[in-house]
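Colleague: I should be grateful for a close look at a single part of this model, namely one pair of packed helices and the surroundings of that pair. Please treat the geometry, the contacts and the burial in one connected account.

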Amino acid sequence: MERKNVLDDKKHIAVQMTLCAGVIGVAGIIVYFGMGAFVWDVAGIAVIVLLMNLALRGAGSLITRKYSIKAWLKQTCAVVLVVLNVLIPICGIIYAVQDGMLFYNIHDSESREFLLTRQGYQEVQFTAENGKTYHGMMYRASDDTMPDDTIPDDTLPLVIYFGGNGEVSYRNLRNHEQRDDWQYFAGYHYLFIDYEGYGLNDGKPHYLNMYEQALAVFDYAAALPYVDNSHIVTMGYSLGTGNAVYLAANRPVAGLILAAPYANGYDLYNNLLPIFKGPMRLLVKQKLPSDQYAPNVTCPVLVIASRNDEEVPFSSSEQLAELFGGEVEFFSLENTLHNHIFGADGVFDNVQSILEEVKSR
């Protein structure tokens, strides 16, 4: 009987090692063909499960040889082991791949080259106090985009923009140029610094890095000689609304514009897969707690949200809007999808209105 148990153990180990090797091999093939480096995380999870099985199997064999274990307890332990074999890989994979699903690191050298041939655009690079170097793009407003009664070009208000998960500064400003959007930002410079890992930036995006960067961008911009630092407006879209809210809560911004904002990261995750509740909330890496900072925002706020937004729940935008400490204007859209918000009627008119209001103060 003991020899049989030993053979069973060896058979179990062989099966586990074969499965693990297969997973690692498949992961290697996928990476080789450029289908996503995150699969190495999956391979790592397979190794962890293998080691867990070996440890539990070894411990179980020692215990059963030394002590008499009742059948019901053996069956219970077997069920628990099966659950762990399923639950740990699932939770591990969710935790490992979520950043790749949330952040789409893009560069868009074509748009960069396009902008550098146009007047008014300049690349921005600065090193913050945290030692990190940030890159992005600025549009410098000129006299031909402003009414005659605006202040001189050397001291203009500024919009600091934080983009969504698939936006990079070069493409964003190129879109504004091609759609002739600068008329809505008349009298304002416009600055977009890319997230870590985007554009020319090194690093890896994370919401805490994004918050840190938001403060660094404001401090850099407020010190520029051609920026009226008493009239800096922060604007965010989708993922970037979290940065904008955090900045408005921690620096003296004059206005806050949010398009498709969320109350927190849990709302975003649950909108994709409604399982992040209770203990499962621990799997959420990007907490994005805008609802914690909104009460500290006292400047005028414009919230733009669509009832048909398939990415950010409309209810989450409503919840956030109710938390701000200052005056809030809520512009509601109908039949507009997430990526079409800035193309909806009235959106840029509302943006222009709050910018003019801030400038007049």
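Modeller: The following account proceeds from the whole protein to the pairing of helices α6 and α7. The model is a predicted one. The protein contains eleven helices and eight strands, and buried residues make up 47% of its 361 residues. Among contacts between residues at least 6 apart in sequence, 73% join residues at least 24 apart.

Two packed helices are described by the angle between their axes and the distance between the axes. Helix α6 comprises residues 207-222 and helix α7 residues 241-250; their axes come within 9 Å and cross at roughly 55 degrees. Angles of 65 to 115 degrees would count as roughly perpendicular and angles under 35 degrees as roughly parallel; α6 and α7 are therefore oblique to each other. The crossing of the two helices is right-handed.

The contact itself can be stated by residue. On the α6 side, Met210, Tyr211, Ala214, Leu215 and Phe218 take part, and they meet Gly242, Asn243, Tyr246, Leu247 and Asn250 of α7. By character, the residues of this contact divide into seven nonpolar, three polar and no charged. An α-helix has 3.6 residues a turn, so residues three or four places apart point the same way.

Turning to α6 alone, the helix has 16 residues and spans 23 Å from its first C-alpha to its last, which is close to the 22 Å expected at 1.5 Å a residue. The helix is mostly covered, with twelve of its 16 residues buried. The contact residues Met210, Tyr211, Ala214, Leu215 and Phe218 are among the buried residues of α6, which also include Tyr207, Asn209, Gln213 and Val217.

As for α7, nine of its ten residues are buried, so the helix is largely enclosed by the rest of the structure. These buried residues are Thr241, Gly242, Asn243, Ala244, Val245, Tyr246, Leu247, Ala248 and Ala249. Of the α7 residues that meet α6, Gly242, Asn243, Tyr246 and Leu247 appear in that buried set. Besides α6, the buried residues of α7 pack against the strands β3 (156-162), β5 (227-237) and β6 (255-259), and against the helices α9 (290-293) and α10 (314-321).

In summary, the pair consists of two helices crossing at roughly 55 degrees through a contact without charged residues, with twelve residues of α6 buried and nine of α7.

Note on methods: Residues are numbered from 1 along each chain as its sequence is written. This is a predicted model: local features need pLDDT of at least 70, side-chain atom pairs count only at pLDDT 80 or more; totals for chains, interfaces and linings use all residues. Side-chain values use heavy atoms; hydrogens and water are left out. Axes are lines fitted to C-alpha atoms, for helices over the stretch in contact, and angles run from 0 to 180 degrees between N-to-C directions. Helices (H or I, at least four residues) and strands (E, at least two) are DSSP runs, numbered from the N terminus. Angles under 35 degrees count as roughly parallel, over 145 as roughly antiparallel, 65 to 115 as roughly perpendicular and the rest as oblique. A crossing is left-handed if the near helix is turned anticlockwise from the far one by less than a right angle, and right-handed if clockwise. Contact means heavy atoms within 4.5 Å. Ala, Val, Leu, Ile, Met, Phe, Trp, Tyr, Cys and Pro count as nonpolar, Asp, Glu, Lys and Arg as charged, and the others, Gly among them, as polar. The expected span of a helix is 1.5 Å times one less than its number of residues. Buried means under 20% relative accessible area, exposed over 50%, partly exposed in between (1.4 Å probe, protein chains only).
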